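Colleague: I'd like to learn how to read a fold like this one. Could you walk me through it?

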Amino acid sequence: MDTSFSTLIRTASHEQHTEAETSTFMSDLLGGALGVDAYARYTEQLWFVYKALEGGTERLASDPVAGPFVRTELLRVPELERDLAHLRGAGWRETVSALPATAAYAARVEECARTWPAGYVAHHYTRYLGDLSGGQIIRDRAEKTWGFARKGDGVRFYVFEQVGNPAAFKRGYRELLDAIGVDELEQQRVIAECKRAFSLNTGVFQALGEEFPTAA
């Protein structure tokens, strides 16, 4: 194939990616139209998704397809828990809840982690590369809008302290995608799962938008 697999994924899922990035909820959040409670509720949903994403890493670390992508420097659950303690208080575990769209997203991630390593890679790619890219815009806006300390509690999810050079890391990640040990048919299935991942993410944004509507 003349076109690299990482390029195929990026171009094939561009429409779904754009739809997620430009959701009304995210636009309102980044535009300052929503309060910190909406940001905290979004952070709750991320916790459920990342628990699903990272819950199977120990088992997948030895898998020939998914294993190369399992990197401890990416793990986000501990940082999300610090953020939620800051945003919701010490008893946050008793108050957080997953929206139905979030539960569906997390269930799909768990299913792939359990039964389809290449599908798991699709979810891994859509989440972590997004966190290292557009996620930094969210961090910057959150710090400015709600006064969080720079890279401090409340935005630690977006701070990859163990990734010294994000641009180089992303290049290396794409090289791993290009070298993934699956055939062309399986690559097409992975691309389809990437699209599904973005659509599931968009579903969470839509549900959050219904919970936090802004005045027209």
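Modeller: Let's go from the overall fold to two helices and one side chain. Keep in mind that this is a predicted model.

Colleague: Fine. How many helices and strands does the protein have?

Modeller: There are 11 helices and zero strands, so from the N terminus the elements read α-α-α-α-α-α-α-α-α-α-α. The radius of gyration is 17 Å, close to the 17 Å that the globule rule gives for 216 residues, so the protein is as compact as a globular protein of that length. Along the principal axes, the C-alpha trace spans about 50 × 35 × 30 Å.

Colleague: And what share of the residues is buried?

Modeller: Of the 216 residues, 49% count as buried. Take the contacts with a separation of 6 or more: 82% of them are between residues 24 or more positions apart. As for the surface, about 10,200 Å² is exposed, with carbon and sulfur atoms supplying 49% of that.

Colleague: Now a single helix. Which residues of H10 are buried?

Modeller: The general idea comes from helix geometry. An α-helix has 3.6 residues a turn, so residues three or four places apart point the same way. In H10, the buried ones are Phe169, Lys170, Tyr173 and Leu177. They cover an arc of only 100 degrees around the axis, which puts them on the same side of H10. Over on the other side, Arg171 and Glu175 are exposed.

Colleague: What do the buried residues of H10 pack against?

Modeller: Helix H1 (5–12) and helix H8 (117–132). H10 itself covers residues 166–178 and reaches 18 Å from its first C-alpha to its last, close to the 18 Å expected.

Colleague: Let's try H4. How many of its 20 residues are buried?

Modeller: H4 is mostly covered, with 16 of the 20 buried. Its length is easy to check too: at 1.5 Å a residue, residues 36–55 should span 28 Å, and the end C-alpha atoms are 28 Å apart, which agrees.

Colleague: There's an arginine in H4, Arg41. Is Arg41 buried or exposed?

Modeller: Here the cut-off matters: buried means under 20% relative accessible area. Arg41 has 11%, so Arg41 is buried.

Colleague: Which backbone oxygen lies 2.7 Å from a polar atom of the Arg41 side chain?

Modeller: That of Ser97. Setting aside neighbours within four places in sequence, Arg41 is in contact with Arg88, Ser97, Leu99, Leu208, Glu211 and Phe212.

Notes:
Residues numbered from 1 in each chain as written. Predicted model: local features only at pLDDT ≥ 70, side-chain atom pairs only at ≥ 80, totals over all residues. Heavy atoms only, no water. Helix = DSSP H or I, 4+ residues; strand = E, 2+ residues; numbered from the N terminus. Expected span 1.5 Å × (residues − 1). Buried < 20%, exposed > 50% of the residue type's maximum accessible area, 1.4 Å probe, protein only. Arc of directions from axis to C-beta. Contact = heavy atoms within 4.5 Å. Rg over C-alpha atoms; globule rule 2.2 N^0.38 Å. Areas by Shrake-Rupley, 256 points an atom, 1.4 Å probe, with all protein chains shown as cover. Polar contact = N/O pair within 3.5 Å; in protein donor to acceptor, adjacent residues only side chain to side chain.
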